[in-house]
Every structure is written in structure tokens, then in C-alpha cells.
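Biologist: Please take me slowly through one part of this model, a single strand and its partners, and then show me how that part fits into the wider picture. I am new to this, so please explain each term as you use it.

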Amino acid sequence: MLRQVFVKRFFQTAVRFRNSPSDQSYVHCISPRPLLYRTIGQHLRLAAERYPNREALVSCHEARRFTFSDVLERVDRLAAGLQQLGLKSGDRVGIWAHNSSTSYLTSLAVARAGMILVGINPALKARELRHVLKTVDAKALIAGDSFFETIKEVVPELLASSPGYVQSARVPSLTLVVVDSAGERFPGTFNFQELFQFCTEQDVSKIEALQPSISPDSGACLLFTSGTTGKPKAALLSHFSIINNASITSYRNELDSTNHRICVQVSLSHAFGLIDGIIGSMDYGSTMVLPGAKFNARSSVQAILQEKCTAIYGTPTMYVDLLEELRLQRTRLPPVKVAVVGGSPCSAQLMLDIHQQLGVKHVRSGYGMTELASSSFVSDRGDPVEAALDSVGKIIDHCEAKVVDQNGRTVPFGTPGELWFRGFGTMLGFWGDEAKTKEVLGRDGWLKTGDQFILQKNGYGKIVGRIKDIIIRGGDNVYPKEVEDVLDTHPGILESYCIGVPDERLGERVCAFVDRMAAAFHQLGLEKGDRVGIWAPNGVAYYLTIFAAARAGLISVGFNPALQLRELEYALNKVELKALVAVDSFRSQNFIAMLQELLPDLEGSSAGNLNSSRVKSLKSVIIASEKSYTGTISMSDLINLPTEHCISNIESTQRTINPDSGACLLFTSGTTGQPKAALLSHFGLLNNAAQGSYRMGFDRNQQRICLTVPMFHVFGLTFGAAASLTYGSTLVVPGVAFNAGETLQAIVKEKCRTVYGTPTIEKDCHRIRDDGNGGNDLHERSRG
């Protein structure tokens with residue numbers, strides 16, 4: 001025990017920073033922990049020797065488990081099988097698969113064979129796949145069976161080829177395609193399981209003998225990064241950079257503290273999943289748990305509970321979904337020691353939610369990029385959660401960082417500028433693109449990240465945006481990340497994106513999501529007066545779509561999320577809907593399955609070009625989800641559609657929209673017959689909202705309104721969404737549907753002064769309050 005305390009104190013105090021004598025933004029993290037000069041293959045061998053019987057991988061959806069000794073044995077047999085098929089050291093082997101034991105084992109086998117792994121995003125389309133394979137001159141492709149149809153588009157010669165003898169006109173380097181399927185062999189391919197049978201024991205033994213000939217400084221993998229411009233580029237990372245980045249990050253995350261079981265939700269095709277997940281789990285014999293082939297919050301919760309996970313890896317969006325899933329299930333996770341958040345910037349509010357609502361002891365933030373072998377700033381050991389709220393962590397060991405102005409001169413500590421980074425993790429270069437490599441990587445080893453960054457003397461830093469994203473408004477620099485952080489504290493906003501659009505007087509003005517979404521509707525071909533439906537509960541999708549449709553001159557149509565298939569079909573046809581924005585599920589209803597039943601034509605449609613026999617007017621289906629569904633557009637893809645010119649046109653469009661024209665359609669059953677769609681004008685809606693807000697005194701005090709009624713109802717739309725604009729009131733949405741306990745928590749936590757609800761809703765809140773589960777001041781805060 002005494003030795004453990006001594007070691008911990010020694011390493012915490014011995015890590016020093018060398019700063020610039022002129023107090024300029026430069027730090028160098030000096031550490032007593034030496035760098036490791038070894039390959040990925042040697043790293044795996046050490047893990048198998050140290051932790052032979054400990055579980056290395058648990059693939060929940062496949063019901064497969066492997067110890068570290070199992071992994072080494074299978075990896076070497078697979079590596080030998082690849083050699084028997086004619087692959088040699090240095091050959092590029094692509095892996096195109098969702099998370100699975102196949103992608104895990106293949107990643108390591110390629111490294112043990114001295115070949116170069118090519119990580120391929122499972123979301124790619126045929127044209128993008130062709131670009132990836134051609135860029136790196138891939139010789140082999142190992143893929144999941146669900147990708148075979150797309151592979152055929154790129155390599156139609158497969159159908160007439162013998163396995164291992166592909167001759168592709170579009171990808172001339174490609175000779176071998178392997179498909180992972182349950183016993184089935186596709187034309188021109190090998191089945192993945194066959195690879196284990198192509199080698200003798202002597203062939204397998206040669207893999208271990210090969211390891212000393214593989215240099216730690218040689219290329220281990222190629223990962224694609226779009227950077228800031230142009231087509232995706234392939235960053236070549238060495239064994240040395242990957243091993244050491246994983247080792248330092250694992251130590252910072254305190255994986256040495258116990259036999260951790262890590263729920264890895266991120267894709268193994270990305271740097272986060274490959275380096276921090278696969279390689280990082282080997283350092284201290286941690287078990288990597290894969291909840292499913294693709295991210296699904298319900299699968300993650302199930303895996304964490306069943307496998308007793310003590311650590312979670314995920315992106316901010318994944319944690320948002322995880323929190324929502326726990327709320328829906330009305331359950332809590334057992335104590336989780338570490339949650340690592342990466343892949344994209346995370347708001348301070350979400351960090352707190354992970355700490356408090358998930359019950360995570362240590363929340364770790366980080367900053368990195370593919371060109372730097374994943375992490376370059378990471379929370380330090382023992383950092384409290386507060387340290388992650390205002391920084392992306394501390395520079396990793398043995399590396400240098402500086403922040404410079406547009407002329408490459410360092411700026412004072414605490415001043416924004418571009419982050420430059422130098423260290424062991426820097427990529428060897430962009431494969432086959434010397435010009436792009438020279439643009440970002442100098443001969444002196446400094447890599448220009450393109451990120452706006454603030455560096456502190458203690459080595460901690462904060463990202464404030466991309467260089468090209470800075471908005472210059474009236475001569476002042478506006479950093480999008482700072483605006484987004486403020487927006488993200490609003491309970492009705494899940495994620496915000498802030499950009500600059502041209503302005504005659506100010507040069508640029510701030511546009512946060514709504515105008516971008518409005519412009520995207522125009523890009524889809526929607527014109528003034530077209531109807532855009534919203535089939536979703538209260539939340540960010542509903543709130544933003546209302547205003548984006550209005551700014552685009554469209555008519556929004558609110559649909560009750562409880563609608564059944566026949567009712568939905570009637571409503572869509574009644575208003576001749578042109579586009580539908582929907583969530584993928586609500587409560588027990590699977591909206592995707594319902595839409596696929598109603599719109600079978602989605603299966604053969606390209607996004608935005610639907611031709612439906614049952615809803616003839618409908619052309620576009622937009623899903624508010626990170627997942628992709630055939631024939632639909634995701635919300636994130638939607639906002640990337642418009643050009644800056646289209647976004648700038650939205651403001652001028654406002655002059656052409658008549659206040660007396662229709663703004664929204666809401667369904668009312670009236671007293672008889674089928675539901676009828678009532679058309680409300682901008683004038684009627686806004687004046688009703690404004691008068692109601694004034695009568696309730698919203699002009700006298702800043703209001704925080706707890707909205708418990710749905711926005712597809714006129715009450716929630718008029719006095720909630722619309723009225724909040726009149727005097728800048730904050731709209732607080734407790735949940736996707738009414739829950740008295742959540743409502744009371746939101747009132748107290750968000751300090752709501754006003755509550756909107758029906759008599760039944762207020763009665764339920766009073767009942768829970770009187771039972772001792774709520775606040776004592778509900779009477780003073782209730783209205784409606």
C-alpha cells in the first residue's frame with residue numbers, strides 16, 4: 001500500500017512542464033514514464049503473457065468471448081492465413097465491418113503480419129468506398145456480409161472471378177475480397193472462417209518469428225480524415241505512435257487501478273475505437289465489451305449491466321442517448337468508475353449529466369485528431385470532474401504544444417490562436433499526397449491542427465472552434481464553440497451548430513442551426529407553402545423544425561407521436577406532405593418499422609427522391625438520429641446540405657413571407673368525422689402568443705417555462721415555443737412525454753418560474769409533491 005501511494009505521488013509530482021520564458025503559449029510535458037519502443041504485435045504478445053486467462057474481448061451481440069491467450073492464437077492463425085493468400089508485409093488490407101470479433105481480430109492480425117490496416121467507415125457509400133480503396137492501393141478487403149451488394153457496385157468483376165484472383169478496373173490494386181458470413185460464400189470471395197484453415201502449424205509459428213523484423217517506426221494503419229477541405233485523406237500512423245498514445249491514455253484513465261471491463265460504444269474503424277479501445281485495453285489487461293454491431297443505447301445499457309462494466313467509452317451523442325435510455329427505462333447503472341468522452345467537443349452540461357445522472361466517478365475529456373494518433377490532450381489522473389468542464393484535459397506526456405497567430409508567432413497564454421502540436425504521435429504523412437502533408441506538417445515536426453485553441457501555463461487547454469469557422473462580426477471574433485456551449489445548456493437543445501453567414505453591415509452574423517436547417521429544406525427542393533411534417537415528441541427535433549420551416553416560408557404540420565399506421569397515412573395525405581421529420585422511436589413504438597411498412601418504396605429510393613404509391617406527395621423523410629436508414633436523410637446530413645450562399649439567402653427570404661400566410665397546420669377532430677387540419681397564420685399565432693406572454697407578466701422578469709404539454713398541441717406550440725420568443729423566455733422540456741417526477745425535478749433544477757400543463761398534469765405533480773417527492777413551491781410557480 002505504501003509503495004502504491006509513493007508511486008502515485010511520484011508520477012503526479014514528477015510530470016513537469018517546460019514553458020516559454022516570454023510567457024508565450026508553449027508547453028512541453030516532461031514525464032519520467034519512458035516511451036515504449038515496440039510494435040502492436042509485440043504489445044499483444046506481452047498482454048497474452050501477463051494476462052493469459054483474462055477476458056480480452058466480449059462481443060455481446062455475437063455471444064463470443066476470448067481470453068488474451070485465445071486472441072493471440074487466433075490472430076496468428078489469421079495472419080498466417082492472409083500470408084498464404086499471397087499478402088506480404090506492407091500490403092494494405094481494408095476492414096469494412098461493423099464492430100465485431102472479426103474486426104477486432106483482423107486489426108491485430110494485419111499488424112502481426114507486418115501489413116498495414118486500412119480502417120473503413122461502415123457508413124460509406126459505393127463511390128466513397130472506391131475512393132478509399134484507390135487512394136491507398138488496397139490489395140485486400142475484409143468485409144461484413146451486409147456490405148457485399150455495395151462492394152459489387154465497386155467491383156462488378158467479382159461475380160465472374162475466382163476467389164483471390166480479382167481483376168478490378170475501378171480498383172486495379174485489389175485482388176482479394178473476404179466476406180464474413182455464417183457459412184455462405186459470395187461469388188469471387190473467400191469466407192472469413194476459411195482463412196483460419198489455410199495454414200499449417202509451421203505457418204503459424206512463422207508469425208512470431210516475423211515480429212523482430214517489423215520496425216516500431218513503420219506504418220501500422222491508415223485512417224481516413226477529411227481535415228478541413230477536399231476529399232478524405234489517409235493518415236499513416238506508426239506502431240510507435242499508436243502504442244504510446246494508447247499507453248499514456250490508459251494510464252491517465254487509471255486502467256491500472258483495477259481489472260476494468262470497458263463498454264466500447266465507438267466504431268473500431270475510428271482512431272478512438274482502434275487505439276484507445278483495442279490497443280489501450282491491452283496495457284493493463286482490460287476487457288473490451290462490444291454491446292452491438294452498431295451503437296444502440298439499449299444494447300449499451302444491457303451490456304453494462306450484464307457484463308458489470310466499470311468504464312464506458314463514447315462520443316457526446318452516445319452519452320446523450322444513454323442518459324435518455326436510462327430515463328425511459330427508469331433505471332440506474334451500477335457504480336461506473338470511468339467515462340471517457342471523445343470524438344467531438346462535449347458541453348460542460350453534458351459532462352455534469354454524465355457525472356451526476358450516470359453516477360460516474362471520473363469523467364475524462366480529451367482532444368485529439370487522427371493525424372496525431374488519437375489523443376493529444378487528456379484529463380490527468382485524479383482530476384475532479386470540474387477540470388473537464390472548462391478544458392479538454394492536459395497535454396500528453398513527451399509532447400509539445402504551442403498556440404500561434406495567423407503569422408505563426410506564439411500568442412500569450414490564455415489567448416486564442418491556432419494549436420500546433422509536435423510529438424511521437426504525429427502521423428508519418430498522408431498516403432500518396434505529399435502536397436497535403438506539407439500543408440499541415442512542417443519539416444520541423446510541428447503539425448498545424450487548424451483548431452482554435454486556448455492554452456494555459458499548467459498544460460491544460462480548451463478548444464474554441466476551427467480556424468475556418470471563426471465568425472468575424474463587426475470586427476469582433478466570435479468563436480462558434482463558445483456560442484454552442486451556451487446554447488447546449490438549454491434543456492430543449494440536444495446539439496447546436498453555430499456558423500457565420502454574410503451580412504451587409506456586420507460582415508458576418510451568427511446563425512445557429514435554424515437558418516442552416518431552413519436552407520437545407522430549400523436544397524431538398526421544398527418551396528414556399530410546401531408542408532413539412534413533424535412526427536416526434538417534445539425535443540430538439542420538434543423545436544428546431546418549427547422555426548426552420550417558418551424561416552423557409554414552409555408550413556409545419558404537427559403529428560401526434562401516438563398515431564398508428566392508418567392514422568398517420570391519412571394525416572400525411574390530408575395535407576399533401578412534401579417532407580417528414582421524425583424520430584426513430586417513441587416509447588414502445590418503432591417509427592422506422594412503421595415508416596418502412598407505410599413507405600416500402602424507401603428501400604429503393606435515394607435520399608430526397610422518394611416516389612411513394614401510398615403517399616404520393618411525400619419526397620423526403622428526415623430522421624432525427626445519428627443512425628442511417630435506407631432512403632432517408634439523417635438530421636446531421638441534412639444540415640450539411642446547404643451552401644453558405646443558400647444560408648445567407650434565408651434572411652432575405654423573410655421579406656417575401658406574408659404575416660397573414662399560413663405558418664402551421666394542427667389537427668383537430670372537432671366534434672364529428674375524421675380529424676381536420678386547421679391552418680394558422682404567422683399573424684394569428686404570434687399575436688396570440690405575445691398577448692398571452694404580456695398578460696402573464698413575462699415582460700417584467702426573465703422567465704424559465706417548464707413545458708409539460710406537447711408542441712403538436714396548440715397550447716404547447718403557441719404558449720410554449722412561440723411565446724418563448726416574445727420576451728426571450730427559456731423553454732424547459734422535462735422529457736419526451738409527461739412524467740410528474742421528471743417535471744418536478746426540472747422545475748427545481750432549472751429554477752422554473754412558470755409551469756404549463758393541463759389540470760390532470762398539475763394534479764399529478766401536486767400528488768407527487770405531497771408524497772414528499774417534489775418541491776414545496778409548486779403552487780407559486782404554476783400557471784395554466
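Modeller: Val581 stands opposite Ile622 in E34, and Ala582 stands opposite Ile623, also in E34. Strands here (E, at least two residues) and helices (H or I, at least four residues) are DSSP runs numbered from the N terminus. This is a predicted model, in which local features need pLDDT of at least 70 and side-chain atom pairs count only at pLDDT 80 or more, while totals for chains, interfaces and linings use all residues. Residues are numbered from 1 along each chain as its sequence is written, and side-chain values use heavy atoms, with hydrogens and water left out.

The strand to watch is E31 (residues 579–582), which pairs with strand E34 (residues 620–623) in the parallel sense over 4 bridges; two strands count as paired if DSSP finds at least two bridges between them. Strand E29 (residues 531–535) also pairs with E31 in the parallel sense, again over 4 bridges, and in that pairing the bridge partner of Gly533 is Leu580 in E31. Strands of a sheet pair through backbone hydrogen bonds, either parallel or antiparallel.

The side chains of E31 alternate: Ala579 and Val581 point one way, whereas Leu580 and Ala582 point the other way, and all are buried. Buried means under 20% relative accessible area, exposed means over 50%, and partly exposed lies in between (1.4 Å probe, protein chains only).

Stepping back, E31 belongs to an open sheet of 7 strands in the order E35-E34-E31-E29-E30-E36-E37, with mixed pairing. Strand E35 (633–634) and strand E37 (676–681) stand at the edges, and because each has a single partner strand, one side of each is left without a neighbour in the sheet. Helix H22 (residues 682–695) lies across strand E36 (662–668) and E37, running at about 75° to E37; the axes are lines fitted to C-alpha atoms, for helices over the stretch in contact, and such angles run from 0 to 180 degrees between N-to-C directions.

The nonpolar cores place E31 in the whole model. A nonpolar core is a set of buried Ala, Val, Leu, Ile, Met, Phe, Trp, Tyr and Cys residues joined through side-chain atoms within 4.5 Å. The largest has 97 residues, and among those with the most contacts inside it are Val71, Ile278, Phe377 and Phe453, while helix H3 (residues 68–84) gives the most to this core, with 8 residues. A second, separate core of 78 residues includes Ala579, together with Ala518, Ala548 and Leu598, and Ala579 is one of the buried residues of E31 just described.

Within the largest core, two residues deserve a further look. A search of the whole structure finds 18 aromatic pairs, where rings of Phe, Tyr and Trp (its six-membered ring) pair if their centres lie within 6.5 Å, and planes under 30 degrees apart count as stacked, over 60 as edge-to-face and the rest as tilted. The rings of Phe377 and Phe453 have their centres 4.9 Å apart and their planes at 45°, so this pair is tilted. The pair links distant parts of the chain, since Phe377 lies in strand E18 and Phe453 in strand E23 (residues 447–455), 76 residues apart. Both Phe377 and Phe453 are buried, and ring pairs join them with Tyr367 and Phe421 into a cluster.

How values were computed: Contact = heavy atoms within 4.5 Å.
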